[in-house]
Amino acid sequence: MFRARCVLRALRSCSSAPCSRRKPSAKLSVRDVLRAQNTSGERVKVQGWIRSVRSQKEVMFLHVNDGSSLESLQVVADSSFDSRELVFGSSVEVQGQLVESPSKRQNVELKAEKIEVVGKCDAKTFPFKYKERHPLEYVRQYPHLRCRTNALGSILRVRSEATAAIHSFFKDNGFVHIHTPIITSNDCEGAGELFQVESSRKMKLSEENFFNVPAFLTVSGQLHLEVMSGAFTQVFTFGPTFRAENSQSRRHLAEFYMVEAEISFIESLQDIMQVMERLFKTATMMVLSNCPEDVELCHKFIAPGQKDRLEHMLKNSFLIMSYTEAVEILKQASENFTFTPEWGADLHTEHEKYLVKHCGNIPVFVINYPLVLKPFYMRDNEDSPQHTVAAVDLLVPGVGELFGGSLREERYHFLEQQLARSGLTEAYQWYLDLRRYGSVPHGGFGMGFERYLQCILGVDNIKDVIPFPRFTHSCLL
Ligand code: 4AD
């Protein structure tokens, strides 16, 4: 509404120019032109790329798109324009007058007075063809050009809206945004999936390396958030994380974005699960209301049926089961799993997918995992004989694990024992300090942002929801 008012104001200020001079055209985005009301008769300038060309005897219809919306602006050009120049994929600047469109598909169209071809496109070699719907696997081969397709355009606009929605969820709920470092000297998850950072500059022989200690690309901002949760009761970070996982799977990347939150003075997993569920539902509702056309395109052409599946997730309360219950369910399943389910073993993707199906395709929190499976920082449940920690994973339809979180071990002596067991005592003295000086019960979680997008849009392959995917044997551009 605010944007529409601004657009009208921009147009009106141009219209107030003296009659003797030709009114200057207001430069507008396609989205603004299509959304503004009562603009017929106004003169505008639009810049973008030709998405379609339809020639009739006397006129030519061009659809010009500038990435601001899924819809393109229809430009009507009479026979005075050279049709050889106006080809699919070319970039153009169009000036003209907005007129009411006789077509039901749009309110206004642009009657061209001047069309400048800014950059011609060689349609013969351009990998995308007019009117063809290219599968995502095909467009993935062109990471430098695929943003020009409708599908990637929509996915990337949803990604942008989802980023804003997540930030606004945390802001509205009183969280402080912390920029956690990308280069770090710790391996938060202890899984040995680190990319080491080295300087290309030649160091003196006496120097070990650039930082004097081994440095890595972060696998998680959690430990830095934990530092902050000693002074701020609610913090979050949202940035790139890196894992040298040798995986070609549809849900793993070497570089992915993670949304992480840490909350102080909580005592149960319930508190964390509530924030996870609210984050998922609030951000998704915001995305659905801010870019419905883009979401609809994905639901219609990429993942038919996904609209209903998502509604089902949003309207139901997420379920909770313990790891022990999950293993029992898997053991009783008639499914032939590749990995035999047993207590003490990791849940694999096939298990996670089965569990979600078993829960009627409602997301399910699996809690209290075996201590031996989890990193040193998780809070000991002190149970026996099955020794578990207060960990939680949220499993969702189509994707499996979307969130991972836990209560953190805030008790000095328990943590000291865990660090000793993991051989980390020396390196984590600073972490013990956090428990030495004003320790509080706290916990948090991390959500894989690309998996979140896969889950709401129904996109099967994680490589299609990130602008430039990095994975084993591939780092294009
Ligand atoms: O379960 P993870 O490993 O949890 C952590 O890193 C915690 N330190 C987070 C925290 O508590 N602050 O990772 C969190 C999520 C996973 O549930 C998954 O969605 C995503 O990050 N993830 C990946 N996404 C894409 N590619 C990969 N290789 C991923 N590894 C994890």
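This short presentation covers the overall fold, the ligand site and two buried loop residues of the structure shown above.

Good morning. Please keep in mind throughout that this is a predicted model.

I begin with the chain as a whole. It comprises 477 residues, and 49% of them are buried. The secondary structure consists of 13 helices and 17 strands. Along the principal axes, the C-alpha atoms occupy a box of roughly 85 × 60 × 40 Å.

I turn now to the ligand. Where does the ligand sit? The space it takes is the second largest pocket. Around the ligand there are 24 residues, and the closest of these are Glu189, Gln222, Glu245, Glu260 and Glu401. Sorted by class, the shell holds nine nonpolar, seven polar and eight charged residues.

Which strands each supply at least two residues of this shell? They are strand E12, spanning 255-264, strand E16, spanning 400-407, and strand E17, spanning 442-448.

Let me go through three polar contacts to oxygen atoms of the ligand. Glu401, named a moment ago among the closest residues, places a polar side-chain atom 2.6 Å from a ligand oxygen. For Leu402, the partner is a polar backbone atom, which lies 2.8 Å from an oxygen atom of the ligand. Arg243 contributes through its side chain, where an N or O atom is 2.8 Å from a ligand oxygen. As for the cover over the ligand, taken alone it exposes 620 Å², and the protein buries 94% of that area.

I should like to close with two residues in loops, beginning with Asn186. This residue belongs to the loop between strand E8 (183-184) and strand E9 (196-197). Is Asn186 buried or exposed? Its relative accessibility is 8%, and it therefore counts as buried, the cut-off being under 20%. The side chain of Asn186 has two polar contacts to describe. One joins it to the side chain of Thr184 at 3.1 Å. In the other, the Asn186 side chain reaches the backbone nitrogen of Cys188 at 3.2 Å.

The second residue is Thr149, located in the loop between helix H3 (136-139) and helix H4 (150-172). With a relative accessible area of 11%, Thr149 is likewise buried, because its value also falls under the 20% cut-off. Which backbone atom does the side chain of Thr149 reach? The partner is the backbone oxygen of Arg146, at 2.8 Å.

Thank you for your attention.

Methods
Residues numbered from 1 in each chain as written. Predicted model: local features only at pLDDT ≥ 70, side-chain atom pairs only at ≥ 80, totals over all residues. Heavy atoms only, no water. Near = heavy atom within 4 Å. Polar contact = N/O pair within 3.5 Å; in protein donor to acceptor, adjacent residues only side chain to side chain. Areas by Shrake-Rupley, 256 points an atom, 1.4 Å probe, with all protein chains shown as cover. 1 Å grid on protein atoms, 1.4 Å probe; cavity = no way out; pocket = protein on both sides within 12 Å on 5 of 7 lines; lining within 4 Å. Sits in = over half its atoms within 2 Å of the grid points. Helix = DSSP H or I, 4+ residues; strand = E, 2+ residues; numbered from the N terminus. Nonpolar A, V, L, I, M, F, W, Y, C, P; charged D, E, K, R; others polar. Buried < 20%, exposed > 50% of the residue type's maximum accessible area, 1.4 Å probe, protein only.
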